[in-house]
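Student: I should like a close look at a single part of this protein, set in the context of the whole chain. Please give one connected account.

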Amino acid sequence: RLDERICTELDKWMAAQSEFHKSSYFEFAVGAALEELELHPVPGVLLGHGLSADFRCQAPPGTLEGGPNGRVFYVEVDGPSHFCVRPQLRPRGRTILKRRLFRALGLELVSVPY
């Protein structure tokens with residue numbers, strides 16, 4: 001378990017970094033598609049302690065995506081910087097780590113590769 005003071009500082013740093021995040025056209029297009037599908041995307045989501053996602057979506061209950069109870073899931077738009085050059089299209093270590101952290105927390109992360 002991390003020291004609470006370290007966690008607080010890390011959260012502050014992540015919040016400051018998210019203010020400078022520039023969305024790509026691809027990320028913008030994915031957000032528009034999620035909106036069109038009525039998944040209510042919230043961009044630039046911070047989950048705490050350095051973990052973030054490009055969108056948090058909520059599929060309403062009674063829909064194909066939401067099932068009977070509705071569903072919350074996260075979307076990560078994986079552009080070229082998320083992958084190695086060789087071997088081609090292999091996810092980088094930080095991309096793999098993020099996926100594992102979401103899984104360990106019991107959160108659904110949907111990856112949209114370029």
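Tutor: Tyr114 counts as exposed, because its relative accessibility is 52% and the cut-off for exposed is over 50%. The model in which this residue is seen is a predicted one. Tyr114 belongs to the segment after β4, a strand that covers residues 109-113. Its ring is paired with that of Phe83: the two ring centres are 5.9 Å apart and the planes stand at 55°. The pair is therefore tilted, since that angle falls neither under 30 degrees, as stacked rings require, nor over 60, as edge-to-face rings require. The count of aromatic pairs in the protein comes to two.

The two partners are set apart along the chain. Phe83 lies in the loop between β3 and α3, and 31 residues separate Phe83 from Tyr114, so that the pair links distant parts of the chain. Their surroundings also call for separate description. Phe83 counts as buried because its relative accessibility of 12% is under 20%, whereas Tyr114 counts as exposed at 52%.

The loop that holds Phe83 has further features of the backbone. Arg86 and Pro87 are joined by a cis peptide bond, with omega at about -5°, and Pro87 lies in this loop between β3 and α3. Leu89 is found in the loop between β3 and α3 as well. Although Leu89 is not a glycine, its phi is positive, at about 65°. With 48% relative accessibility, Leu89 counts as partly exposed.

A positive phi also appears in the loop between α2 and β1, where Glu38 is found. The phi of Glu38 is near 60°, and this residue, too, is other than glycine. Glu38 is exposed, because its relative accessible area is 55% and the cut-off is over 50%. Glu35, by contrast, is found in helix α2, which comprises residues 25-36, and is partly exposed at 45%. From the C-alpha of Glu35 to that of Ala104 the distance in space is 28 Å, with their positions 69 residues apart in sequence.

The loop with Phe83 follows strand β3, and the strands before it can now be described. Strands β1 (residues 42-48) and β2 pair in the antiparallel sense over five bridges, and Gly48 has Leu51 of β2 as its bridge partner. The two strands form a hairpin with two residues between them, and in the turn His49 has a positive phi of about 55°. Strand β2 also pairs with β3 (residues 71-78), again antiparallel and over five bridges; here Ala59 has Arg71 of β3 as its bridge partner. Strand β2 itself, residues 51-59, is mostly covered, with seven of its nine residues buried.

In the protein as a whole there are three helices and four strands, which follow the pattern α-α-β-β-β-α-β along the sequence. Of the 114 residues, 26% are buried. Among contacts with a separation of 6 or more, 43% are accounted for by residues 24 or more positions apart. The protein exposes about 8200 Å², of which carbon and sulfur atoms supply 57%. Its 14 positive and 14 negative charges have mean positions 11 Å apart.

Methods. Residues are numbered from 1 along each chain as its sequence is written. This is a predicted model: local features need pLDDT of at least 70, side-chain atom pairs count only at pLDDT 80 or more; totals for chains, interfaces and linings use all residues. Side-chain values use heavy atoms; hydrogens and water are left out. Buried means under 20% relative accessible area, exposed over 50%, partly exposed in between (1.4 Å probe, protein chains only). Two strands pair if DSSP finds at least two bridges between them. Contact means heavy atoms within 4.5 Å. Accessible areas come from the Shrake-Rupley method with a 1.4 Å probe; for residues, only the protein chains shown count as cover. Lys and Arg count as positive and Asp and Glu as negative; His and the chain ends are not counted. The place of a charge is taken as NZ of Lys, CZ of Arg, CG of Asp or CD of Glu. Rings of Phe, Tyr and Trp (its six-membered ring) pair if their centres lie within 6.5 Å; planes under 30 degrees apart count as stacked, over 60 as edge-to-face and the rest as tilted.
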